[in-house]
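Visitor: Hi! Could you walk me through this one? Let's start with a single residue and work outwards.

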Amino acid sequence: MKKLSLRTRVLTGAVAAAALGAGTFGAMSANASAPAAAPAAALGADTANRNLQQSTHLTVAAATKAAQAALDAAKKENQRVCVAVVDRNGNTIVTLRGDGAGPQAYESAAKKAYTAVSWNAPTSELAKRLEQAPNLKDIPGTLFLAGGSPVQVKGAPVAGIGVAGAPSGDLDEMFAKAGVATLAK
């Protein structure tokens, strides 16, 4: 066998290292850009499985439409209010603060919406329950004052609308119901 010069051996080694490096880099780049394969368990999930549940949620557009309808109803009555719409889990989707609404209205509207969706009932009805169960008011994030109304689909709550800032909870609730009614159209 013929003996290679030092120069040839170094050059051959450098070419081999470069080829190996390029192959490794190419394989890593291909893996980084290719979408990860879904786990086998996820691919075989059966939607009829009793361990899975589907839920209905309002879109941001629908929540905004409802909040604006409630705000418009209040404006017609010369009331300065804040309107909050929360999803089934109590997360705020949209909040609109009307011109001149008091500083307490923002948080109160969100809590009324949360309370209405949590119990799937208008907050005016829930306030009456405090007579039998006064500890309900101690549940964090809730506000048992009139002004919250649930949004239902087939009797199940999917959202809540809360209004705060009018001089009475009855007015707040009337405006919240105007928002709910807009969604039925």
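Guide: Happy to. Take valine 81 in this predicted model: leaving aside its neighbours within four places in sequence, valine 81 contacts Leu71, Ala74, Leu96, Arg97, Gly98, Ala101, Val163, Ala164, Gly165, Ala166, Asp172 and Phe175.

Visitor: Which residues touch the most other members of the largest nonpolar core?

Guide: Val81 is one of them, along with Val83, Val85, Ile161, Val163 and Phe175. That core has 22 residues.

Visitor: And which elements give two or more residues to this core?

Guide: Two helices do, H3 (60-76) and H6 (169-183), together with strands S1 (82-87), S2 (92-97) and S4 (156-164). Helix H3 gives the most, eight residues.

Visitor: What about another core, how many residues does that have?

Guide: Six, and it lies apart from the largest one. Ala84, Ala101, Ala109 and Ala164 are among its members.

Visitor: Switching topic: in what order do the elements run from the N terminus?

Guide: The order is α-α-α-β-β-α-α-β-β-α. In total there are six helices and four strands.

Visitor: How much of the contact set comes from residues 24 or more positions apart?

Guide: Such pairs make up 63% of the chain's contacts with a separation of 6 or more.

Visitor: Last one: what share of the chain is buried, and what does the exposed area come to?

Guide: Of 185 residues, 31% count as buried. The chain exposes about 11,800 Å², with 57% of that supplied by carbon and sulfur atoms.

Note on methods
Residues numbered from 1 in each chain as written. Predicted model: local features only at pLDDT ≥ 70, side-chain atom pairs only at ≥ 80, totals over all residues. Heavy atoms only, no water. Buried < 20%, exposed > 50% of the residue type's maximum accessible area, 1.4 Å probe, protein only. Contact = heavy atoms within 4.5 Å. Areas by Shrake-Rupley, 256 points an atom, 1.4 Å probe, with all protein chains shown as cover. Core = buried A, V, L, I, M, F, W, Y, C linked by side-chain atoms within 4.5 Å.
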